[in-house]
Amino acid sequence: MSRTPPNARARLLNAALIALAFALLGLTVWLKRREIGAVIAGKPDLDRMALGFGIYMVALVLTFVRWSILVRALGLPFRLRDALRLGFIGNVFNLVIPGAVGGDVVKAAFLCREQARKTRAIASMVIDRILGLLGLFVLAGLSGLFAWPAAQGGARALIVVVWAAVGMGFLGLAVLFTPALYRPLEWLVSGRAKLEAMVVELVAMASAYRGRLGTIAGVLGMAVGIHSLYVLAFYEVSLALFRGAAPSLADHLLVVPPTLFTTAIPLPFGALGVTEQASEQLFKLVRHPDGAVAMLGYRVLMYAGGLVSACVYLANLRQVRTLEVEVEGGAVAASGSGR
């Protein structure tokens, strides 16, 4: 009995996910057709939309700078120009072009090609993602502290959930940066040269970052600042679409971070459709006129940023396609060896 090739399975899965994303988007647009029509009839403030896009792009570039700081903290040579190039390419794969190779995998492949210590290079991306998500929840948690006295039942429950996520995030970092906890793992991989080498690199990474806690704290603070810019961009979109009816910036600081967290769900185009549904429910907690429509407006900024990223992607197209073949070929080989 023949089996479906891994590449074909990946394409089928991507096609199904894309269909799901557009089905959810279509459902949102259909349910909100009157509200969207009313917003268009009210003539959105294009100046505020442009300002929001500028703020969004500054935040996006700063995320790439943040990653470069973490790479260099491990003693790896890494130019800021390369961080920007890889960051934009990864943004295309994560947001605009869903495929068998995700943005992080492409970034890792580029970085590993240029670095001798491959495990540390990949670890920097993992730490960057963790600190980015933790910064997102720290921002919402700090906003929740100020909003707590006036918050109602649903909003207070959200604040509690956010702070629980913050606590789990700091606990995870404490475990990750404690080399002694890797000893059971060292025992399990004993005698397996490649796995032993990877664990040695992980221990070295944990020790290196543990010795640079000031850098980690600074990067976490940077993540909070970056997400504040994303929230500010979202706020500008709300003002552009709803003007005086939009909730305050403080309300956005509480609700936008968990809304943006849903874009990390592994669905094409930044969890298209799912985030709109989540935004609809979350923004009800702060009496927003229409969270789903506001999120659709914010998508305009995201995809405009994706177009900028696509220009960088096209400028490096030959290299990216080579890496796609290498990574997919590795996946096929691994599948064959596991039969």
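Biologist: What makes Arg66 and Asp128 a salt bridge in this predicted model?

Modeller: The closest N and O atoms of Arg66 and Asp128 are 2.8 Å apart, and a salt bridge is called when a side-chain nitrogen of Lys or Arg lies within 4 Å of a carboxyl oxygen of Asp or Glu, so the pair qualifies. The two residues link distant parts of the chain, since Arg66 belongs to helix H3 and Asp128 to helix H6, 62 residues apart.

Biologist: Why are Arg66 and Asp128 called buried?

Modeller: Buried means under 20% relative accessible area. Arg66 has a relative accessible area of 6%, so Arg66 is buried, and Asp128, at 9% relative accessibility, therefore counts as buried too.

Biologist: How do you know that Glu236 forms a salt bridge with Arg48?

Modeller: The reasoning uses the limit of 4 Å between nitrogen and carboxyl oxygen, and in this pair the closest N and O atoms are 2.6 Å apart. This salt bridge also links distant parts of the chain, with Glu236 in helix H10 and Arg48 in helix H3 (residues 46-73), 188 residues apart.

Biologist: Why is Glu236 called buried, and why is Arg48 called partly exposed?

Modeller: Glu236 has a relative accessible area of 7%, so Glu236 falls under the 20% limit and is buried. Arg48 has a relative accessible area of 31%, which lies between the limits of 20% and 50%, so Arg48 is partly exposed.

Biologist: What makes Asp82 and Arg79 a salt bridge, and how many salt bridges are counted by this rule?

Modeller: The closest N and O atoms of Asp82 and Arg79 are 2.9 Å apart, which is to be set against the cut-off of 4 Å. Arg79 and Asp82 are also linked with Arg85 in a network of salt bridges, and by this rule the count comes to 4 salt bridges. As general background, side chains of opposite charge can pair when their charged atoms come close.

Biologist: Are Asp82 and Arg79 buried or partly exposed?

Modeller: Asp82 has a relative accessible area of 7%, and because this is under 20%, Asp82 is buried. Arg79 has a relative accessible area of 47%, which is not over 50%, so Arg79 is partly exposed.

Biologist: Turning to the helices, why are H10 and H11 called roughly perpendicular?

Modeller: Helix H10 (residues 213-242) and helix H11 (residues 249-261) pack at an angle of about 110°, with their axes 9 Å apart. Angles of 65 to 115 degrees count as roughly perpendicular, and H10 and H11 are therefore roughly perpendicular to each other. Their crossing is right-handed.

Biologist: Why, then, are H13 and H14 called oblique?

Modeller: The axes of helix H13 (residues 274-282) and helix H14 (residues 291-315) come within 7 Å and cross at roughly 135°. That angle is outside the range of 65 to 115 degrees and is not over 145, so H13 and H14 are oblique to each other. H13 passes H14 in a right-handed crossing.

Biologist: Which residues form the nonpolar patch on the surface, and why is Trp163 called partly exposed?

Modeller: The patch is formed by Leu142, Leu145, Phe146 and Trp163, with about 450 Å² of accessible area together. Helix H6 (residues 118-147) gives the most to this patch, with 3 residues, while Trp163 is in helix H7 (residues 153-176). At 32% relative accessibility, Trp163 lies between 20% and 50%, so Trp163 counts as partly exposed.

Biologist: What makes the phi of Lys43 worth noting?

Modeller: Phi of Lys43 is near 55°, a positive value in a residue other than glycine. Most residues other than glycine have a negative phi. Lys43 lies in the loop between helix H2 (33-41) and H3, and its relative accessible area of 63% is over 50%, so Lys43 is exposed.

Biologist: Where is Arg243, and why is Arg243 called partly exposed?

Modeller: Arg243 is in the loop between H10 and H11, and its phi is near 50°, again a positive value in a residue other than glycine. At 39% relative accessibility, Arg243 lies between the limits of 20% and 50%, and therefore counts as partly exposed.

How values were computed:
Residues numbered from 1 in each chain as written. Predicted model: local features only at pLDDT ≥ 70, side-chain atom pairs only at ≥ 80, totals over all residues. Heavy atoms only, no water. Patch = residues over 30% accessible without salt bridge, like charges linked within 9 Å, V, L, I, M, F, W, Y side chains within 5 Å. Areas by Shrake-Rupley, 256 points an atom, 1.4 Å probe, with all protein chains shown as cover. Helix = DSSP H or I, 4+ residues; strand = E, 2+ residues; numbered from the N terminus. Buried < 20%, exposed > 50% of the residue type's maximum accessible area, 1.4 Å probe, protein only. Axes fitted to C-alpha atoms, helices over the stretch in contact; angles between N-to-C directions. Parallel < 35°, antiparallel > 145°, perpendicular 65-115°, else oblique. Left-handed = near helix turned anticlockwise from the far one by under 90°.
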